[in-house]
Amino acid sequence: MPLLIRNGEIVTADSRFRADLYAEDETITHIGSNLDAPPGTDIVDASGKFVFPGFIDPHVHIYLPFMSTFAKDTHETASVAALIGGTTTYIEMCCPSRAEDALAGYELWKSKANGSSACDYTFHMSVTRWDPQTEGQLREIVRDGIASFKIFLAYKNFFGVEDGEMYQTLRLAKELGVITTAHCENAELVARLQQLLLSQGKTGPAWHESSRPESVEAEGTGRFATFLENTGAAGYVVHLSCKPALDAALAAKSRGVRIHVESVIPHLMLDKSYAERPGVEGMKHVMSPPLRHASNRKVLWDALQSDFIDTVATDHCPFDTAQKLLGSEAFTQIPNGIPAIEDRVNLLYTYGVSRGSLDIHRFVDAASTRAAKLFGLFPRKGTIAVGTDADLVVYDPNQRSTISVRTHHVNSDYNGFEGMEIDGRPSLVTVRGKVQVRDCQFIGDKTLGRMLRREPTWH
Ligand code: URP
Ligand code: ZN
Ligand code: ZN
């Protein structure tokens, strides 16, 4: 059914104007004043509301065997939660472990998503070891429409790569024009510090941050940057959490290294005092890199406004309370991750645009457009223009509410942002012109989502 959104305030990364917007056959076909609509058109009044391009979350985990358990969401639960929160496309980390075959892993991750997502999606392909098959398999995966790799400098012996494997991956990425995303922490130091703390009887979640201090993340970031510099590859630091790591990334950027930076909403909104809460309350806030000293939050918000941080993602990774309790005896056994896919946009809008000093165009850029540009989805995704996919978020800046596990849609029995107020929320969300969320409720097709094929752009 054609769709006409009337009289909304359209806001993109670089423009802001009031107009009507008409979409047909999945794409935006007209933008203008007083547009007519044929009979049978779904007409939506967006007066008093913003119309944003569908938001893109460039870092989520949905199917994830990790730390002796599995993340809780399916594509159905994650995509419905994403859409209610205004995210119309996500990029999932395809993460076969070091013991698994990359191509078999890729097929497995694809099969979990195929026909099961309500929104569009693609993958970053993790390279977790380098063996004689790896290069050929990665070439095949890129031919299948994947234009980004992922490496972990952390998680020794599970996801983590050695420096030689990072070098091989980046050489291939450079040749293929693929951008490589990286979790930057020094795996050896984390392993050593974990053992030291446990041997001293320091077993609770409050010690998680001490086992992965800021300097360990800064070292990983700097080393990744040095490898980018010496291979000429393009890179993207995921979930950067602290000033020393930011300084390392910016120093490389100033030398001309093609390095980009992501922060995630937990690091912008939370700090290590959450992980210091007693018992399971602390465990619920264990992720890696850890929640940091509160002083880092202002550094990250300022860097976001200044464009030193490119994107804001979630690192969505839901575990429930029972899973978190696997780490009762030792913080090293707490499954790492915090669910956030539903709340990212509302939190960024509220504490950035509404109550903070984040420019509304930077908000759209960081939560949508920049990811589309970096990861080969632009202009099909990430903006509002004639000819682009009609992924749209009609955002009501007057819908105040409070984040709670009682009302969220992710498959987890807690919400890490419990009790936080939000100043606005999506009232209507479309994916390729199909209304998936109306009046803030999911009313759509849970199988509508498609895998997005991407071409490498980083030659
Ligand atoms: O704690 C986190 N971040 N869990 C998910 C895995 C990762 O490192 O991204
Ligand atoms: Zn990570
Ligand atoms: Zn992650």
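User: In this predicted model, are H183 and H239 buried or exposed?
Analyst: These two residues supply the protein donors of the zinc ion (ligand 2), through ND1 of H183 and NE2 of H239. A residue counts as buried when its relative accessible area is under 20%. On that criterion, both H183 and H239 are buried.

User: How many residues apart in sequence are the parts that H183 and H239 tie together?
Analyst: H183 lies in strand β12, which covers residues 179–183. H239, by contrast, sits in the loop between β13 (234–237) and α8 (243–254), so the parts that the pair ties together are separated in sequence by 56 residues.

User: What is the geometry of the site of the zinc ion (ligand 2)?
Analyst: The site has four donor atoms, and the angles among them run from 56 to 149°. Four donors count as tetrahedral if all angles lie between 85 and 135 degrees, and the square planar class has its own angle limits, with anything else called irregular. The site of the zinc ion (ligand 2) is classed as irregular.

User: What distance separates the zinc ion (ligand 3) from the zinc ion (ligand 2)?
Analyst: The zinc ion (ligand 3) has its own protein donors, namely NE2 of H59, NE2 of H61 and OD of D315, at 1.9 to 2.1 Å. For the zinc ion (ligand 2), the protein donors from H183 and H239 lie 2.1 Å away. Between the two zinc ions themselves, the separation is 3.7 Å.

User: How many residues apart are H61 and D315?
Analyst: The donor residues of the zinc ion (ligand 3) follow the spacing H-x1-H-x253-D in sequence. H61 is in the loop between β6 (55–60) and β7 (65–66), while D315 is in the loop between β15 (311–313) and α12 (321–324), so that distant parts of the chain are linked across 254 residues.

User: Why do H61 and D315 count as buried?
Analyst: The limit for a buried residue is a relative accessible area under 20%. H61 counts as buried because its relative accessibility is 6%. D315 is likewise buried, because its relative accessible area is 7%.

User: Which residues in α3 do A102, L103 and Y106 in α2 meet?
Analyst: The axes of helix α2 (residues 102–113) and helix α3 (residues 134–143) come within 9 Å and cross at roughly 30°. The two helices are therefore roughly parallel to each other. By class, their contact has four nonpolar, one polar and one charged residues. On the α3 side, the residues met are Q137, E140 and I141.

Conventions. Residues numbered from 1 in each chain as written. Chains lettered and ligands numbered in written order. Predicted model: local features only at pLDDT ≥ 70, side-chain atom pairs only at ≥ 80, totals over all residues. Heavy atoms only, no water. Donors = N, O, S within 2.8 Å, 3.2 Å for Na, K, Ca; no water. Helix = DSSP H or I, 4+ residues; strand = E, 2+ residues; numbered from the N terminus. Buried < 20%, exposed > 50% of the residue type's maximum accessible area, 1.4 Å probe, protein only. Axes fitted to C-alpha atoms, helices over the stretch in contact; angles between N-to-C directions. Parallel < 35°, antiparallel > 145°, perpendicular 65-115°, else oblique. Contact = heavy atoms within 4.5 Å. Nonpolar A, V, L, I, M, F, W, Y, C, P; charged D, E, K, R; others polar. Tetrahedral: all angles 85-135°; square planar, octahedral: opposite > 155°, others 65-115°.
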